[in-house]
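Open the model in your viewer and keep the selection box at hand. This tour goes stop by stop.

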Amino acid sequence: MESELKDLNSQPASKPASHGGGSSAKDDRPLLKPDPAPSVSAEELQELEKKCAAYVRSDAYGTMGRGDLPLKEKLLLGVALVTLVPIRVVLSMTLLLFYYLICRICTLGLSPNRDEDEQEDYAHMGGWRRAVIVWCGRSLSRVMLFVLGFYWISETYRIPDAAQQSKPEGKEESAEEAEKPGAIISNHVSYLDILYHMSSSFPSFVAKRSVAKLPLVGLISKCLGCVYVQRESKSSDFKGVAGVVTDRVQEAHQNKTAPQIMLFPEGTTTNGDFLLPFKTGAFLAKAPVLPVILRYPYQRFSPAWDSISGVRHVIYLLCQFVNHIEVTRLPVYYPSQEEKDDPKLYADNVRRLMASEGGMTLADIGLAEKRVYHAALNGLFCQS
(Lines give C-alpha, C1' and ligand atoms only; values in the text may rest on other atoms or scores of the structure.)
Protein backbone atom coordinates (compact mmCIF):
# COMPACT_ATOMS: atom_id res chain seq x y z
CA MET A 1 0.00 0.00 0.00
CA GLU A 2 2.84 2.35 0.82
CA SER A 3 4.39 1.75 -2.59
CA GLU A 4 1.07 2.50 -4.30
CA LEU A 5 0.76 5.74 -2.38
CA LYS A 6 4.30 6.72 -3.32
CA ASP A 7 3.59 5.92 -6.96
CA LEU A 8 0.51 8.14 -6.91
CA ASN A 9 2.38 11.02 -5.34
CA SER A 10 5.30 10.75 -7.73
CA GLN A 11 3.31 10.31 -10.96
CA PRO A 12 1.11 12.81 -12.70
CA ALA A 13 -2.62 12.34 -12.93
CA SER A 14 -3.71 9.24 -14.80
CA LYS A 15 -3.48 9.49 -18.57
CA PRO A 16 -6.74 9.88 -20.38
CA ALA A 17 -7.87 6.97 -22.48
CA SER A 18 -7.02 7.27 -26.14
CA HIS A 19 -9.29 10.21 -26.91
CA GLY A 20 -12.30 8.18 -25.89
CA GLY A 21 -15.72 9.71 -25.54
CA GLY A 22 -15.82 9.67 -21.78
CA SER A 23 -14.90 6.05 -21.17
CA SER A 24 -11.81 4.02 -20.40
CA ALA A 25 -10.56 2.20 -23.44
CA LYS A 26 -8.26 -0.34 -21.83
CA ASP A 27 -9.25 -1.24 -18.30
CA ASP A 28 -12.63 -2.93 -17.84
CA ARG A 29 -11.99 -4.42 -14.40
CA PRO A 30 -14.94 -3.87 -12.09
CA LEU A 31 -14.46 -1.50 -9.18
CA LEU A 32 -14.80 -2.44 -5.50
CA LYS A 33 -13.68 -6.06 -5.98
CA PRO A 34 -12.49 -7.67 -2.73
CA ASP A 35 -9.26 -8.90 -4.30
CA PRO A 36 -6.62 -7.68 -4.02
CA ALA A 37 -7.11 -6.23 -0.55
CA PRO A 38 -3.81 -4.80 0.74
CA SER A 39 -3.47 -3.98 4.39
CA VAL A 40 -3.66 -0.28 5.09
CA SER A 41 -3.21 1.79 8.19
CA ALA A 42 -5.55 4.57 9.27
CA GLU A 43 -2.84 7.14 8.55
CA GLU A 44 -2.31 5.84 5.01
CA LEU A 45 -6.04 5.84 4.34
CA GLN A 46 -6.38 9.40 5.62
CA GLU A 47 -3.59 10.54 3.31
CA LEU A 48 -5.15 8.69 0.38
CA GLU A 49 -8.54 10.27 1.06
CA LYS A 50 -6.96 13.72 0.78
CA LYS A 51 -5.63 12.86 -2.65
CA CYS A 52 -8.77 11.02 -3.76
CA ALA A 53 -11.27 13.47 -2.26
CA ALA A 54 -13.40 13.23 -5.41
CA TYR A 55 -14.36 9.67 -4.45
CA VAL A 56 -14.83 10.07 -0.69
CA ARG A 57 -18.36 9.66 0.69
CA SER A 58 -19.47 12.01 3.47
CA ASP A 59 -23.11 11.05 4.00
CA ALA A 60 -24.70 9.49 7.09
CA TYR A 61 -23.94 5.99 5.83
CA GLY A 62 -20.18 6.47 5.97
CA THR A 63 -17.34 4.94 3.98
CA MET A 64 -18.56 2.44 1.37
CA GLY A 65 -22.00 2.72 3.00
CA ARG A 66 -20.75 0.62 5.92
CA GLY A 67 -20.69 3.22 8.66
CA ASP A 68 -22.32 2.80 12.07
CA LEU A 69 -25.87 4.08 11.84
CA PRO A 70 -27.91 5.48 14.74
CA LEU A 71 -30.86 3.42 15.93
CA LYS A 72 -33.38 5.77 14.29
CA GLU A 73 -31.74 5.34 10.88
CA LYS A 74 -31.71 1.55 11.29
CA LEU A 75 -35.41 1.55 12.08
CA LEU A 76 -36.16 3.71 9.04
CA LEU A 77 -34.16 1.36 6.85
CA GLY A 78 -35.97 -1.66 8.27
CA VAL A 79 -39.38 -0.15 7.60
CA ALA A 80 -38.42 0.90 4.08
CA LEU A 81 -37.02 -2.55 3.24
CA VAL A 82 -40.35 -4.26 3.88
CA THR A 83 -42.63 -1.54 2.52
CA LEU A 84 -41.09 0.99 0.12
CA VAL A 85 -38.43 -1.17 -1.56
CA PRO A 86 -40.73 -3.97 -2.83
CA ILE A 87 -43.15 -1.42 -4.28
CA ARG A 88 -40.38 0.47 -6.07
CA VAL A 89 -38.79 -2.71 -7.41
CA VAL A 90 -42.09 -3.96 -8.84
CA LEU A 91 -42.93 -0.57 -10.38
CA SER A 92 -39.43 -0.15 -11.84
CA MET A 93 -39.44 -3.59 -13.47
CA THR A 94 -42.95 -2.98 -14.79
CA LEU A 95 -41.85 0.30 -16.40
CA LEU A 96 -38.76 -1.36 -17.91
CA LEU A 97 -40.78 -4.24 -19.35
CA PHE A 98 -43.49 -1.87 -20.63
CA TYR A 99 -40.97 0.28 -22.48
CA TYR A 100 -39.26 -2.81 -23.88
CA LEU A 101 -42.60 -3.93 -25.32
CA ILE A 102 -43.12 -0.47 -26.86
CA CYS A 103 -39.67 -0.66 -28.48
CA ARG A 104 -40.35 -4.19 -29.68
CA ILE A 105 -43.66 -3.20 -31.29
CA CYS A 106 -42.19 -0.07 -32.90
CA THR A 107 -39.31 -2.03 -34.44
CA LEU A 108 -41.37 -4.96 -35.77
CA GLY A 109 -40.50 -5.65 -39.38
CA LEU A 110 -37.51 -3.31 -39.31
CA SER A 111 -33.82 -4.09 -39.50
CA PRO A 112 -31.46 -1.99 -37.38
CA ASN A 113 -29.35 0.63 -39.11
CA ARG A 114 -25.86 -0.83 -39.61
CA ASP A 115 -22.62 0.77 -40.72
CA GLU A 116 -19.08 -0.30 -41.50
CA ASP A 117 -18.06 -0.12 -37.85
CA GLU A 118 -20.64 -2.75 -36.90
CA GLN A 119 -22.77 -0.16 -35.15
CA GLU A 120 -26.47 -0.95 -35.19
CA ASP A 121 -29.40 1.09 -33.98
CA TYR A 122 -33.00 2.07 -34.56
CA ALA A 123 -32.41 5.73 -33.71
CA HIS A 124 -32.18 6.80 -37.36
CA MET A 125 -35.66 5.64 -38.31
CA GLY A 126 -38.29 8.31 -38.78
CA GLY A 127 -42.02 8.69 -38.77
CA TRP A 128 -44.45 7.68 -36.04
CA ARG A 129 -42.26 4.85 -34.81
CA ARG A 130 -39.43 7.16 -33.81
CA ALA A 131 -41.85 9.69 -32.35
CA VAL A 132 -43.46 7.02 -30.14
CA ILE A 133 -40.11 5.64 -28.97
CA VAL A 134 -38.77 9.09 -28.06
CA TRP A 135 -41.94 10.39 -26.39
CA CYS A 136 -42.51 7.19 -24.39
CA GLY A 137 -38.81 6.95 -23.52
CA ARG A 138 -38.71 10.48 -22.12
CA SER A 139 -42.01 10.12 -20.27
CA LEU A 140 -41.28 6.72 -18.74
CA SER A 141 -37.77 7.80 -17.71
CA ARG A 142 -39.31 10.67 -15.78
CA VAL A 143 -41.84 8.29 -14.23
CA MET A 144 -38.97 5.99 -13.26
CA LEU A 145 -37.20 8.86 -11.52
CA PHE A 146 -40.46 9.64 -9.69
CA VAL A 147 -40.70 6.01 -8.56
CA LEU A 148 -37.13 6.26 -7.22
CA GLY A 149 -38.04 9.30 -5.12
CA PHE A 150 -37.06 12.15 -7.43
CA TYR A 151 -40.44 13.86 -7.20
CA TRP A 152 -39.14 17.29 -8.19
CA ILE A 153 -36.25 18.20 -10.48
CA SER A 154 -34.82 21.69 -10.13
CA GLU A 155 -33.57 22.97 -13.49
CA THR A 156 -31.70 26.23 -14.02
CA TYR A 157 -30.99 27.71 -17.45
CA ARG A 158 -28.03 30.08 -17.62
CA ILE A 159 -28.32 33.03 -19.98
CA PRO A 160 -25.43 33.34 -22.45
CA ASP A 161 -22.85 35.99 -21.62
CA ALA A 162 -21.91 37.82 -24.81
CA ALA A 163 -18.56 38.81 -23.35
CA GLN A 164 -17.67 35.20 -22.57
CA GLN A 165 -19.46 33.26 -25.26
CA SER A 166 -19.40 34.55 -28.83
CA LYS A 167 -20.49 32.69 -31.92
CA PRO A 168 -17.93 31.72 -34.55
CA GLU A 169 -16.82 34.44 -36.88
CA GLY A 170 -18.20 34.37 -40.37
CA LYS A 171 -21.77 33.81 -41.46
CA GLU A 172 -24.62 34.54 -39.11
CA GLU A 173 -26.41 31.40 -37.96
CA SER A 174 -30.12 31.07 -37.55
CA ALA A 175 -31.54 30.49 -34.07
CA GLU A 176 -32.30 26.86 -34.93
CA GLU A 177 -28.74 26.17 -36.11
CA ALA A 178 -27.25 28.02 -33.18
CA GLU A 179 -29.08 25.77 -30.74
CA LYS A 180 -27.92 22.54 -32.42
CA PRO A 181 -24.85 21.36 -30.48
CA GLY A 182 -22.87 18.34 -31.59
CA ALA A 183 -22.99 16.73 -28.13
CA ILE A 184 -24.30 17.15 -24.62
CA ILE A 185 -21.47 17.21 -22.08
CA SER A 186 -22.21 16.33 -18.45
CA ASN A 187 -20.38 15.62 -15.25
CA HIS A 188 -20.81 12.02 -14.08
CA VAL A 189 -22.11 11.36 -10.56
CA SER A 190 -24.32 8.28 -10.75
CA TYR A 191 -26.03 5.81 -13.06
CA LEU A 192 -29.07 7.99 -12.36
CA ASP A 193 -27.51 10.59 -14.68
CA ILE A 194 -28.58 8.42 -17.62
CA LEU A 195 -32.21 8.36 -16.50
CA TYR A 196 -32.29 12.13 -16.17
CA HIS A 197 -30.80 12.74 -19.62
CA MET A 198 -33.19 10.20 -21.14
CA SER A 199 -36.12 12.09 -19.62
CA SER A 200 -34.72 15.44 -20.75
CA SER A 201 -33.40 14.96 -24.28
CA PHE A 202 -33.34 11.20 -24.97
CA PRO A 203 -29.77 11.17 -26.35
CA SER A 204 -27.48 8.35 -27.40
CA PHE A 205 -24.75 7.16 -25.03
CA VAL A 206 -21.43 5.34 -25.36
CA ALA A 207 -21.70 1.73 -24.18
CA LYS A 208 -19.77 -1.52 -24.39
CA ARG A 209 -20.75 -3.70 -27.32
CA SER A 210 -21.95 -6.40 -24.92
CA VAL A 211 -24.79 -4.09 -23.76
CA ALA A 212 -26.52 -4.63 -27.11
CA LYS A 213 -26.97 -8.32 -26.25
CA LEU A 214 -28.49 -7.83 -22.78
CA PRO A 215 -32.14 -8.86 -22.26
CA LEU A 216 -34.57 -5.92 -22.39
CA VAL A 217 -31.81 -3.30 -22.09
CA GLY A 218 -30.19 -4.38 -25.37
CA LEU A 219 -33.13 -3.40 -27.57
CA ILE A 220 -33.71 -0.20 -25.59
CA SER A 221 -30.07 0.80 -26.09
CA LYS A 222 -30.45 0.29 -29.85
CA CYS A 223 -33.55 2.50 -29.86
CA LEU A 224 -31.52 5.12 -28.00
CA GLY A 225 -28.90 4.86 -30.73
CA CYS A 226 -26.07 3.99 -28.34
CA VAL A 227 -22.53 3.99 -29.72
CA TYR A 228 -21.09 0.54 -29.06
CA VAL A 229 -17.35 0.28 -28.54
CA GLN A 230 -15.25 -2.87 -28.68
CA ARG A 231 -12.73 -2.04 -25.98
CA GLU A 232 -11.05 -5.44 -26.12
CA SER A 233 -10.44 -5.38 -29.88
CA LYS A 234 -7.18 -4.14 -31.39
CA SER A 235 -8.33 -4.95 -34.91
CA SER A 236 -7.99 -2.37 -37.64
CA ASP A 237 -11.62 -3.12 -38.52
CA PHE A 238 -12.70 -0.85 -35.69
CA LYS A 239 -12.19 2.88 -35.59
CA GLY A 240 -12.07 2.87 -31.84
CA VAL A 241 -13.97 5.10 -29.45
CA ALA A 242 -12.58 8.38 -30.76
CA GLY A 243 -13.42 7.77 -34.42
CA VAL A 244 -16.96 6.55 -33.85
CA VAL A 245 -17.78 9.28 -31.34
CA THR A 246 -16.35 11.99 -33.61
CA ASP A 247 -18.51 10.81 -36.50
CA ARG A 248 -21.64 10.81 -34.34
CA VAL A 249 -20.93 14.27 -32.92
CA GLN A 250 -20.43 15.68 -36.42
CA GLU A 251 -23.61 13.98 -37.65
CA ALA A 252 -25.65 15.35 -34.73
CA HIS A 253 -24.34 18.86 -35.36
CA GLN A 254 -24.86 18.87 -39.12
CA ASN A 255 -28.10 16.90 -39.38
CA LYS A 256 -31.03 18.18 -37.32
CA THR A 257 -32.81 14.80 -37.59
CA ALA A 258 -29.81 12.80 -36.32
CA PRO A 259 -29.95 11.53 -32.72
CA GLN A 260 -28.19 13.69 -30.13
CA ILE A 261 -25.24 12.12 -28.36
CA MET A 262 -24.54 12.43 -24.63
CA LEU A 263 -21.00 12.07 -23.27
CA PHE A 264 -19.42 11.90 -19.82
CA PRO A 265 -15.86 13.08 -20.57
CA GLU A 266 -14.61 12.40 -17.02
CA GLY A 267 -14.78 8.68 -17.75
CA THR A 268 -15.94 7.67 -14.25
CA THR A 269 -18.20 8.85 -11.44
CA THR A 270 -17.32 11.17 -8.55
CA ASN A 271 -19.10 12.34 -5.40
CA GLY A 272 -20.36 15.39 -7.33
CA ASP A 273 -18.18 17.99 -5.59
CA PHE A 274 -15.24 17.60 -7.99
CA LEU A 275 -14.65 17.59 -11.72
CA LEU A 276 -12.04 15.22 -13.14
CA PRO A 277 -9.92 15.89 -16.26
CA PHE A 278 -11.91 15.61 -19.49
CA LYS A 279 -11.04 13.13 -22.21
CA THR A 280 -10.96 14.75 -25.62
CA GLY A 281 -13.17 12.36 -27.62
CA ALA A 282 -16.17 14.66 -27.40
CA PHE A 283 -14.20 17.65 -28.68
CA LEU A 284 -12.37 16.17 -31.69
CA ALA A 285 -15.27 16.98 -34.02
CA LYS A 286 -14.76 20.74 -33.42
CA ALA A 287 -18.52 21.12 -33.02
CA PRO A 288 -20.25 23.22 -30.33
CA VAL A 289 -21.33 21.37 -27.20
CA LEU A 290 -24.04 21.83 -24.58
CA PRO A 291 -22.65 21.62 -21.01
CA VAL A 292 -25.03 20.27 -18.35
CA ILE A 293 -24.20 20.11 -14.63
CA LEU A 294 -25.86 17.59 -12.31
CA ARG A 295 -25.91 17.70 -8.51
CA TYR A 296 -27.67 15.46 -5.98
CA PRO A 297 -28.33 17.33 -2.72
CA TYR A 298 -28.94 14.97 0.19
CA GLN A 299 -29.55 14.85 3.93
CA ARG A 300 -29.00 11.18 4.75
CA PHE A 301 -27.88 9.12 1.75
CA SER A 302 -25.91 10.49 -1.19
CA PRO A 303 -27.09 9.19 -4.61
CA ALA A 304 -23.52 9.63 -5.89
CA TRP A 305 -22.03 6.30 -6.96
CA ASP A 306 -18.46 6.91 -5.93
CA SER A 307 -17.01 4.39 -3.46
CA ILE A 308 -19.93 2.09 -2.68
CA SER A 309 -20.92 -1.21 -4.27
CA GLY A 310 -23.74 -1.21 -6.80
CA VAL A 311 -26.05 -3.51 -4.83
CA ARG A 312 -25.65 -1.58 -1.58
CA HIS A 313 -26.16 1.71 -3.43
CA VAL A 314 -29.40 0.55 -5.08
CA ILE A 315 -30.81 -0.77 -1.79
CA TYR A 316 -30.06 2.43 0.12
CA LEU A 317 -31.39 4.56 -2.73
CA LEU A 318 -34.67 2.63 -2.78
CA CYS A 319 -34.96 3.08 0.99
CA GLN A 320 -34.88 6.89 0.74
CA PHE A 321 -38.41 8.26 0.52
CA VAL A 322 -37.25 11.50 -1.12
CA ASN A 323 -34.24 12.07 -3.36
CA HIS A 324 -33.17 15.32 -4.98
CA ILE A 325 -31.50 16.36 -8.21
CA GLU A 326 -30.46 19.83 -9.37
CA VAL A 327 -29.64 20.55 -12.99
CA THR A 328 -27.83 23.55 -14.44
CA ARG A 329 -27.96 23.86 -18.22
CA LEU A 330 -25.33 26.21 -19.60
CA PRO A 331 -25.50 27.98 -22.98
CA VAL A 332 -24.21 26.17 -26.04
CA TYR A 333 -20.41 26.49 -26.04
CA TYR A 334 -18.96 27.52 -29.41
CA PRO A 335 -15.24 26.74 -29.75
CA SER A 336 -12.85 29.38 -30.97
CA GLN A 337 -10.51 28.59 -33.84
CA GLU A 338 -7.73 28.00 -31.33
CA GLU A 339 -9.90 25.49 -29.47
CA LYS A 340 -10.85 23.76 -32.71
CA ASP A 341 -7.16 23.32 -33.49
CA ASP A 342 -6.44 22.00 -29.99
CA PRO A 343 -9.07 19.54 -28.63
CA LYS A 344 -7.25 19.39 -25.29
CA LEU A 345 -7.58 23.16 -24.87
CA TYR A 346 -11.24 22.95 -25.91
CA ALA A 347 -11.92 20.21 -23.33
CA ASP A 348 -10.05 22.06 -20.57
CA ASN A 349 -11.93 25.31 -21.18
CA VAL A 350 -15.33 23.62 -21.10
CA ARG A 351 -14.29 21.79 -17.94
CA ARG A 352 -13.23 25.00 -16.21
CA LEU A 353 -16.47 26.71 -17.22
CA MET A 354 -18.55 23.85 -15.80
CA ALA A 355 -16.53 23.79 -12.58
CA SER A 356 -16.97 27.54 -12.14
CA GLU A 357 -20.71 27.54 -12.87
CA GLY A 358 -21.36 24.40 -10.82
CA GLY A 359 -19.23 25.31 -7.81
CA MET A 360 -17.07 22.20 -8.28
CA THR A 361 -13.38 21.74 -7.50
CA LEU A 362 -11.00 20.68 -10.27
CA ALA A 363 -9.26 17.40 -9.41
CA ASP A 364 -6.30 16.10 -11.39
CA ILE A 365 -6.89 12.41 -10.73
CA GLY A 366 -8.60 9.64 -12.66
CA LEU A 367 -9.69 6.01 -12.73
CA ALA A 368 -6.29 4.65 -11.66
CA GLU A 369 -6.42 6.58 -8.38
CA LYS A 370 -10.00 5.47 -7.88
CA ARG A 371 -8.97 1.82 -8.12
CA VAL A 372 -6.18 2.30 -5.59
CA TYR A 373 -8.58 4.04 -3.20
CA HIS A 374 -11.16 1.25 -3.56
CA ALA A 375 -8.48 -1.38 -2.98
CA ALA A 376 -7.44 0.45 0.18
CA LEU A 377 -11.04 0.57 1.42
CA ASN A 378 -11.47 -3.15 0.79
CA GLY A 379 -8.24 -3.79 2.66
CA LEU A 380 -9.46 -1.72 5.61
CA PHE A 381 -12.75 -3.58 5.89
CA CYS A 382 -11.07 -6.95 5.42
CA GLN A 383 -8.96 -6.19 8.51
CA SER A 384 -11.96 -5.26 10.64
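How many of the seven residues of strand S9 are buried? Bear in mind that this is a predicted model. Select residues 289–295, which make up S9. Six of the seven are buried, so the strand is largely enclosed by the rest of the structure.

**The partners of S9**

Add residues 183–186, strand S4. S4 and S9 run parallel and are joined by four bridges. Look for Ile 185, which stands opposite Pro 291 of S9. Now add strand S10, residues 325–329. Four bridges join S10 to S9 as well, but this pair runs antiparallel. Here Arg 295 stands opposite Glu 326 of S10.

**His 197**

Select His 197, in helix H7. The relative accessible area of His 197 is 1%, so this residue is buried. Show its contacts beyond four places in sequence: they include Val 292 and Leu 294, along with Ile 184 and Ser 186. Also among them are Phe 202, Pro 203, Phe 205, Met 262 and Phe 264.

**The largest nonpolar core**

Next, select Tyr 99 and Phe 150. Of the 56 residues in the largest nonpolar core, these two touch the most other members. Helices H3, H4, H5, H7, H8 and H10 each give two or more residues to this core, as do strands S9 and S10. H4 supplies the largest share, eight residues. In general, nonpolar side chains of soluble globular proteins tend to be buried together.

Stay on Phe 150. Leaving aside neighbours within four places in sequence, Phe 150 contacts Arg 142, Leu 145, Leu 192, Tyr 296, Leu 317, Asn 323, His 324 and Ile 325. A second core, separate from the largest one, has 26 residues. To find it, select Val 227, Val 244, Ala 287 and Met 354, which are among its members.

**H4 against H5**

Select residues 84–106 for H4 and 127–147 for H5. At what angle do H4 and H5 pack? The angle is about 175 degrees, and the axes are 10 Å apart. Angles over 145 degrees count as roughly antiparallel, so H4 and H5 are roughly antiparallel. From H4, the contact residues include Leu 91, Leu 95, Tyr 99 and Ile 102. From H5, they include Val 132, Cys 136, Leu 140 and Val 147.

**H8**

Move to residues 217–224, helix H8. Seven of its eight residues are buried, so H8 is largely enclosed by the rest of the structure. The buried ones are Gly 218, Leu 219, Ile 220, Ser 221, Lys 222, Cys 223 and Leu 224. They pack against H4, H5 and H7, and against strands S2 and S6. Gly 225 follows H8 and has a positive phi, near 85 degrees.

Pick Leu 219 within H8. Its relative accessibility is 9%, so Leu 219 counts as buried. Draw a C-alpha to C-alpha distance from Leu 219 to Thr 107: 9.3 Å in space, for 112 residues in sequence. Thr 107 is one of the contacts of Leu 219 beyond four places in sequence; the others are Tyr 100, Cys 103, Arg 104 and Tyr 122.

**Last stop: H2**

Select residues 42–51, helix H2. Which residues of H2 are buried? They are Glu 44, Leu 45 and Leu 48. Look down the axis: the buried residues fall within an arc of 95 degrees, so they line one face of H2. On the other side, Ala 42, Glu 43 and Lys 50 are exposed.

Key:
Residues are numbered from 1 along each chain as its sequence is written. This is a predicted model: local features need pLDDT of at least 70, side-chain atom pairs count only at pLDDT 80 or more; totals for chains, interfaces and linings use all residues. Side-chain values use heavy atoms; hydrogens and water are left out. Buried means under 20% relative accessible area, exposed over 50%, partly exposed in between (1.4 Å probe, protein chains only). The arc is that of the directions from the helix axis to the C-beta atoms. Two strands pair if DSSP finds at least two bridges between them. A nonpolar core is a set of buried Ala, Val, Leu, Ile, Met, Phe, Trp, Tyr and Cys residues joined through side-chain atoms within 4.5 Å. Contact means heavy atoms within 4.5 Å. Axes are lines fitted to C-alpha atoms, for helices over the stretch in contact, and angles run from 0 to 180 degrees between N-to-C directions. Angles under 35 degrees count as roughly parallel, over 145 as roughly antiparallel, 65 to 115 as roughly perpendicular and the rest as oblique.
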